[in-house]
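The following exercises concern the reading of a protein model, from its overall form to its strands, its backbone and its empty space. Please work through each task before consulting the solution.

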Amino acid sequence: MIKAALAATLLATAAPSFAQQPPAPSKPILTEPWVAALRDNALDNDQYAWDIAEGLTTEVGQRLAATEAEARARDWAVKRLKAMGFANVRIEPFTMPVWTRGAEGAEILAPFPQKLTIAALGYSGSTGPAGVTGQIVYFDSVDALRAAPDDAVRGKIVFIDHNMMPAQDGSGYGQFGAPRRQGPTIASKKGALAIVIRSIGTDHHRNPHTGVQYFTDGATPIPAGALSVPDSEQLRRILKRGQPVTMHLTLVSQKNEGAPSGNVIAEVPGRDPRAPILLVGGHLDSWDLGTGAIDDASGVAIVTAAAKHIMDAGRPLRTIRIVWFGAEEPGGFGGEAYAKAHGTERYAIAGESDFGADRVWRFSSQYQKTDPVLHAQLTAALAPLGITKNDKGDADGTDVEPTIKLGAPWISLNQDGTRYFDYHHTPDDTLDKIDPAQLRQNVAAWTTALAILSGGIEPGAKQPRRR
């Protein structure tokens, strides 16, 4: 907690300018002492984020979108946010298709009989309980599948391989995610019986990575699954023996329309209700294999903890709105619902934490161009946390993207993604993968950004620190 003498320095400063194309700063930018105090306190002392992530993953666990588990998570979130002292806590419901998985299995019948580990991809078609049997046809990329004649695929089980490697910025996910996102549709339209892909991951654990895909362009849903990376490499070695490979595949799943989901919203009310809002969020739902710790219990925990540190210090000029978005994993339904309901409101910033809990290493913001002085303030205040500015960065975040497209300014605090895709969408996404020290650094970064963007904090009655 900030000492009383230091808290007294949190004067209600003038709001930063958001004018278009102002001049760049002509003199060095120094961080205000009260901003540095908030940053350093969060870095050294934050427990809010760990308590939220630990509580959500322990007391709720898996939170597949539009299921009873996600509903329990919304109720849990409302109780926790109210207990922390946030205002205007509510659930804003919406409906969506719900997909659930059933029995899963993959077994090579010939030439070398053995079982493989597999997980169905989101919105996979179902094999039915009896499963399907077919010959494997191999492709080393989506483009290779796309170029193949239909008769080379028809009636067979497609296997798409790739070679995704770790990257600090996670950039491989865009390219190497294509087998999951596009492969099932292409395979279906070419008449494939089913498709299996090498998991979109960088680990060598025997854990398959699930994830969403959609059958588009009129494609008929077919069974679609991801083999673990070691099993994919095993299948590739078997195929290299040059003999026909037959697989029996079981992926039982179900899809229904009109299921309930929702966004959980809470606020730190600002002194000026007419001022643009600071929108920050993460997503409440998770896939059903792990407990959704790094994806994205940590994200909602980080931004909520940061907002709580501002609230503990006093009352900001601008309202801070925290959104725990529902149903991000199956396609960003929560972000679309939020933008439909609130997208035309005025925002000072929109940002999202949804890339794990490892340290923030760089940031970018629209204000680099529209308010260089403000951007320089952010740069100076974040630098002691080891965070550099990224002059070529873009808006980041599935859930805030629809609101940003409607005109909200954006900020991106980029986490180190080197190990993120070792655990992403797997049974290994559990609380032990969160490093408490790196989690606190995330909270300190977001606290710093909110403090600078707050318009100034007026000390006042403090809210409850803990539940």
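The exercises below refer to this model, which is predicted.

**Exercise 1. Overall form**

Task: State how many helices and strands the protein has, and determine how its radius of gyration stands to the globule rule.

Solution:
- Step 1. The secondary structure consists of 16 helices and 16 strands.
- Step 2. The radius of gyration is 24 Å, and the globule rule gives 23 Å for 467 residues; the two values are close, so the protein is as compact as a globular protein of that length.
- Step 3. The C-alpha trace spans about 75 × 45 × 35 Å along the principal axes.

**Exercise 2. The partners of strand 8**

Task: Identify the strands that pair with strand 8, including strand 4, and give the sense of the pairing.

Solution:
- Step 1. Strands of a sheet can pair in a parallel or an antiparallel sense, through backbone hydrogen bonds.
- Step 2. Strand 1 is joined to strand 8 by 18 bridges, and the two run antiparallel. Within this pairing, Thr 95 has Pro 260 of strand 8 as its bridge partner.
- Step 3. Strand 4 (residues 132–139) pairs with strand 8 (residues 246–268) over four bridges, in the antiparallel sense. Here Val 132 has Leu 249 as its bridge partner in strand 8, and Gln 135 stands opposite Thr 246.
- Step 4. Strand 11 (residues 320–325) is also antiparallel to strand 8, with five bridges. Val 264 stands opposite Trp 324 of strand 11.
- Step 5. Strand 4 has a further pairing, with strand 5 (residues 157–160): these two run parallel and are joined by four bridges. Phe 139 stands opposite Ile 160 in strand 5.

**Exercise 3. A three-stranded sheet and its helices**

Task: For the open sheet of three strands, establish the strand order, and then find which helices pack on the sheet.

Solution:
- Step 1. The order is 14-13-15, and the pairing is mixed.
- Step 2. Strand 14 (388–389) and strand 15 are the edge strands, each pairing on one side only.
- Step 3. Strand 13 and strand 14 are parallel, with two bridges. Arg 362 stands opposite Thr 388 in strand 14.
- Step 4. Helix 13 (residues 372–382) packs on the sheet and touches strand 13, strand 14 and strand 15; the direction of helix 13 makes about 175 degrees with that of strand 13.
- Step 5. Helix 16 (residues 436–453) packs on the sheet as well, touching strand 13 and strand 15, and its direction makes about 165 degrees with that of strand 15.

**Exercise 4. Backbone exceptions**

Task: Locate the cis peptide bonds that end at Pro 111 and Asp 296, and describe the phi of Asn 88.

Solution:
- Step 1. Most peptide bonds are trans, and most residues other than glycine have a negative phi.
- Step 2. The bond from Ala 110 to Pro 111 is cis, with omega near 5 degrees. Pro 111 belongs to the loop between strand 1 (87–110) and strand 2 (114–116).
- Step 3. The bond from Asp 295 to Asp 296 is likewise cis, with omega near 10 degrees. Asp 296 is part of helix 10 (residues 293–313).
- Step 4. Asn 88 is not a glycine, yet its phi is positive, at about 55 degrees. This residue, Asn 88, lies in strand 1.

**Exercise 5. Pocket and cavities**

Task: Describe the lining of the largest pocket, and then the linings of the largest and the second largest cavity.

Solution:
- Step 1. The largest pocket holds about 1,000 Å³ of space. It is lined by 42 residues, of which Tyr 173, Asp 354, Asp 396, Gly 397 and Thr 398 are the closest to its centre.
- Step 2. Among the elements that give two or more residues to this lining are helix 6 (172–176), strand 13 (360–365) and strand 15 (411–415).
- Step 3. By class, the pocket lining has 11 nonpolar, 18 polar and 13 charged residues.
- Step 4. There are four cavities of 30 Å³ or more. The largest cavity has a volume of about 90 Å³, and its lining includes Trp 99, Trp 287 and Glu 329. That lining divides into nine nonpolar, one polar and one charged residues.
- Step 5. The second largest cavity has a volume of about 70 Å³. Residues such as Asp 358, Arg 419 and Lys 433 are among those that line it, and its lining comprises five nonpolar, one polar and four charged residues.

Methods: Residues are numbered from 1 along each chain as its sequence is written. This is a predicted model: local features need pLDDT of at least 70, side-chain atom pairs count only at pLDDT 80 or more; totals for chains, interfaces and linings use all residues. Side-chain values use heavy atoms; hydrogens and water are left out. On a 1 Å grid over the protein atoms alone, a cavity is a set of points where a 1.4 Å probe fits but cannot get out, and a pocket is an open set with protein on both sides within 12 Å along at least five of seven lines; lining residues have an atom within 4 Å of a point. Grid points are joined across faces, edges and corners, and a volume is the space filled by probe spheres set on the points. Ala, Val, Leu, Ile, Met, Phe, Trp, Tyr, Cys and Pro count as nonpolar, Asp, Glu, Lys and Arg as charged, and the others, Gly among them, as polar. Two strands pair if DSSP finds at least two bridges between them. Contact means heavy atoms within 4.5 Å. Axes are lines fitted to C-alpha atoms, for helices over the stretch in contact, and angles run from 0 to 180 degrees between N-to-C directions. The radius of gyration is taken over C-alpha atoms; the globule rule is 2.2 Å times the number of residues to the power 0.38.
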